[in-house]
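Reader: I'd love a close look at one part of this complex, the helical hairpin packing in the second chain. Could you walk me through that part and then show how the rest of the model sits around it?

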Amino acid sequence: MSIAIYILTFAVLLVGLYAVVAKKNIIKIIVGILVIDYAVNMLLVLIGYRSGGAAPILDKGLEKEKAVAELAKTGVDPLPQAMVLTSIVIGLGLTALMVALAVRLYQKYGTFDMGRIRGLKG
Amino acid sequence: MEILLPLLVALPLGVAFGIVILAHVPALRRATGVLAAAAVLANLVIAVRIFNLPSMAFHVGGWGGGKTLGIELVCDGLAKVMLVTVNFIAFVAIVFAGPYMRRFTKLWLFQSLFLLMTGAMNAVVLAGDLFNLFVFIEVAAIASYALVAFGTEAEELEAAFKYLVLGTVGSAFILLGVAILYSLTGQLNMAKVAQGLTVIGSGPAVLLAAAALIGGLALKAAMVPFHAWLPDAHPSAPAPISAMLSGLLIKTSGIYALARIVFNVLGPTTQYAYILIILGAASMVIGMFLALGQWDFKRLLAYSSISQAGYIVLALGAAAYLVATGGETWVAKLCLFGAFFHLFNHAAFKSLLFLSSGAIEQQAGTRQLREMGGLVRTMPVTSFCCRVGALSISGVPPFSGFFSKLVIIISLALAARTSDNPALMYTLCAIAVGVAVGTLLMYIKVQRYALEGPQAAAGAEVKEAPVLMCAALVILAIVCLGAGVALLGFREYIFDPVSGALLGALR
């Protein structure tokens, strides 16, 4: 199980990395970055996964000891979900900035091809 | 006094968003620049005030004590030195930006992003848990991507896009490392993760997390195999931002975080030490050779940043090696002293050089060294300050750069005498001396072509920079002149807590 989630994450991460490294089109590079982001977010979600898990909230209907025991048996770890939410929001900001830059680059160069956007050298 | 710690982060962030609102009120539109400078000055005052207080921690939202999942702001000896450095350079840069940024429109956007970056860097330095570290590295990075593209000329957009792509990949790897460490230890707090890791030992998963973290942070610090974005991004930004990026950002979100992760979280082993040593040595040598061939003043400075950052990482690596192999602790402390002394000095003189390159660019209208010439006669104050910075970075005796390089070289030589691998340490010592000579050559070239020599054709009507810009340059020049001797005298007071913060967890 634990090895499997790393392998899955790495497979997705490498797909994104391939797009970033090998593709010349700005839009494809942006999609590649998003895939990398999703791979890491997926790892975070999978770390918090628990089969048959329930929301980590104390059941007010039960007695306290019972409720705590129930929580320990079925409650999922809420922290990875808090982290993944933060990470998704950061990803949203980055995506907006990337797309804005891509639009401005298109206005200046008239192309999305990084091979033809070569103002800088050395 | 713990309440001062969140203020260091909250004040710049709050003012940053306040400025956006103020800019839309016609009566207050002109006040945004002064407000931004006042916020940074207030931060500097707080940072200096905190310096005398004992180490402390602040638990955000009161989630302290037994619970370890809350956000913790930790202010130890290392964080104090970094806080003073960050806020001091940021203040000088924003004073310089006053007259310099006048040619741009939408200045409030610049001021807002500048404060976001400063506040995020303060938060990176104070972060006591890994996820908070990642989040604020990202906030600082996003603000810096936007600032690199601030001019919105074709080349600036291109540099910003390259920087953004590589920076984001680096951040993804940092988050990957944090996620793996969390899944292994169930903790995010740095001290608790370190405790958890001592129980687990070093399995393949820990090594994977270490590789992801060190790779991602080395990308942020622009160490040599990952340096491709820096020479494009740093020169493309407006001069005060170049000074912030080269002087501070690669150090806080790169080198500082690297030092924290290796020393305080993972615990130094010979593997990590070798990685740091190789990264540092490669950056020093390759950065120096690439800088020697540059004719664009700002590109030369950017490559030289890679080379000088290499010194800091090399000294960190040597300290990690000594700790890992059970070498003399006092030599390891000397290495760390050299590393952070050089970090402070480099922040001061590289900002000085970038700001003076900005002043020259504005007044003489060029960044090409060959087209300058004779500026010593037309811009005496800027030239004098530029010369102080150049002498300082090349390690000429009374200036600060000499002392920090000397400390690094001496500590490497001592490490060679006391550690179990003298050949390696003597080689590193030789590299450090050789790169210092190369740096001197590089800045002789700057002196020869920009300041001395015949007057350039367009240079006759070049005037001295405005007063505020000169004032910023003079402040930094005084620091470069005085910091060497002064800080050496206060070594026990300032830098022993630094090495204590990094080595303390080991004893």
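Author: Here is a tour that starts with the helix pair and works outward.

A word on confidence comes before the details, as this is a predicted model. Chain B has a mean pLDDT of 89, with 97% of its residues at 70 or more. For the complex, the predictor gives an ipTM of 0.93 and a pTM of 0.93.

Let's begin with helix H5 (residues 130-148) and helix H6 (residues 154-185) of chain B, whose axes lie 9 Å apart and meet at an angle of about 175 degrees. Angles over 145 degrees count as roughly antiparallel, and H5(B) and H6(B) are therefore roughly antiparallel to each other. On the H5(B) side, the contact is made by Leu130(B), Phe131(B), Phe134(B), Ile137(B), Glu138(B), Ala141(B), Tyr145(B) and Val148(B). Facing them from H6(B) are residues including Glu156(B), Ala160(B), Tyr163(B), Leu164(B), Gly167(B), Ser171(B), Ile174(B) and Leu181(B). Sorted by class, the contact of H5(B) with H6(B) has 15 nonpolar, two polar and two charged residues.

Two residues make good stopping points here. Leu133(B) lies in H5 of chain B, and it counts as buried because 27 C-beta neighbours fall inside 10 Å. Setting aside neighbours within four places in sequence, Leu133(B) is in contact with Val124(B), Ala127(B) and Ala257(B). For a sense of scale, Leu133(B) and Phe91(B) are 42 residues apart in sequence, while their C-alpha atoms are 23 Å apart in space.

The other stopping point is Ala160(B), one of the H6(B) residues that meet H5(B). Not counting residues up to four places away in sequence, Ala160(B) touches Tyr145(B), Val148(B), Ala149(B) and Ala233(B), and also Leu101(A) from the other chain. Ala160(B) is also among the residues with the most contacts inside the largest nonpolar core, along with Val124(B), Leu126(B), Ala140(B), Ala318(B), Cys335(B) and Ala432(B). That core has 242 residues, and its largest share, 21 residues, comes from helix H13 (residues 329-364) of chain B.

Now for the turn that links the pair. Thr152(B) sits in the loop between H5 and H6 of chain B, and it has a positive phi of about 50 degrees although it is not a glycine. With 14 C-beta neighbours inside 10 Å, Thr152(B) counts as partly exposed. Chain B has another such residue in Ala222(B), a non-glycine with a positive phi near 60 degrees. Ala222(B) is placed in the loop between helix H8 (204-221) and helix H9 (230-236) of chain B. Unlike the partly exposed Thr152(B), Ala222(B) is buried, since 30 other C-beta atoms lie within 10 Å.

Going back along chain B brings us to another helix pair. The axes of helix H3 (residues 77-100) and helix H4 (residues 107-126) of chain B come within 9 Å and cross at roughly 170 degrees. That angle makes H3(B) roughly antiparallel to H4(B). The residues of H3(B) in this contact are Ala79(B), Met82(B), Leu83(B), Val86(B), Ala90(B) and Ile94(B). Those of H4(B) are Phe114(B), Thr118(B), Met121(B), Asn122(B), Val125(B) and Leu126(B). By class, the contact of H3(B) with H4(B) has ten nonpolar, two polar and no charged residues. Leu126(B) ties this pair to the wider picture, as it is also among the residues with the most contacts inside the largest nonpolar core.

The touch between Ala160(B) and Leu101(A) leads us across to the partner chain. Here 27 residues of chain A are in contact with 28 residues of chain B. On the chain A side, helix H2 (26-47) and helix H4 (79-109) each supply at least two residues, and H4(A) gives the most, with 14 residues. The residues on that side of chain A divide into 19 nonpolar, five polar and three charged.

As for confidence in chain A, its mean pLDDT is 87, and 96% of its residues reach 70 or more. Among its elements, H2(A) has the highest mean pLDDT (93), and helix H3 (residues 64-74) of chain A the lowest (81). Val68(A) is found in that helix H3 of chain A, and it counts as partly exposed because it has 14 C-beta neighbours inside 10 Å. From Val68(A) to Ile7(A) there are 61 residues in sequence and 34 Å in space, C-alpha to C-alpha.

How values were computed:
Residues are numbered from 1 along each chain as its sequence is written. Chains are lettered from A and ligands numbered from 1 in the order in which they are written. This is a predicted model: local features need pLDDT of at least 70, side-chain atom pairs count only at pLDDT 80 or more; totals for chains, interfaces and linings use all residues. Two residues are in contact if their C-beta atoms, placed from the backbone, lie within 7 Å. Helices (H or I, at least four residues) and strands (E, at least two) are DSSP runs, numbered from the N terminus. Ala, Val, Leu, Ile, Met, Phe, Trp, Tyr, Cys and Pro count as nonpolar, Asp, Glu, Lys and Arg as charged, and the others, Gly among them, as polar. A nonpolar core is a set of buried Ala, Val, Leu, Ile, Met, Phe, Trp, Tyr and Cys residues joined through C-beta atoms within 7 Å. A residue is buried if 20 or more other C-beta atoms lie within 10 Å of its own, exposed if 12 or fewer, and partly exposed in between; C-beta atoms are placed from the backbone. pLDDT is the predictor's confidence in each residue, from 0 to 100. Axes are lines fitted to C-alpha atoms, for helices over the stretch in contact, and angles run from 0 to 180 degrees between N-to-C directions. Angles under 35 degrees count as roughly parallel, over 145 as roughly antiparallel, 65 to 115 as roughly perpendicular and the rest as oblique.
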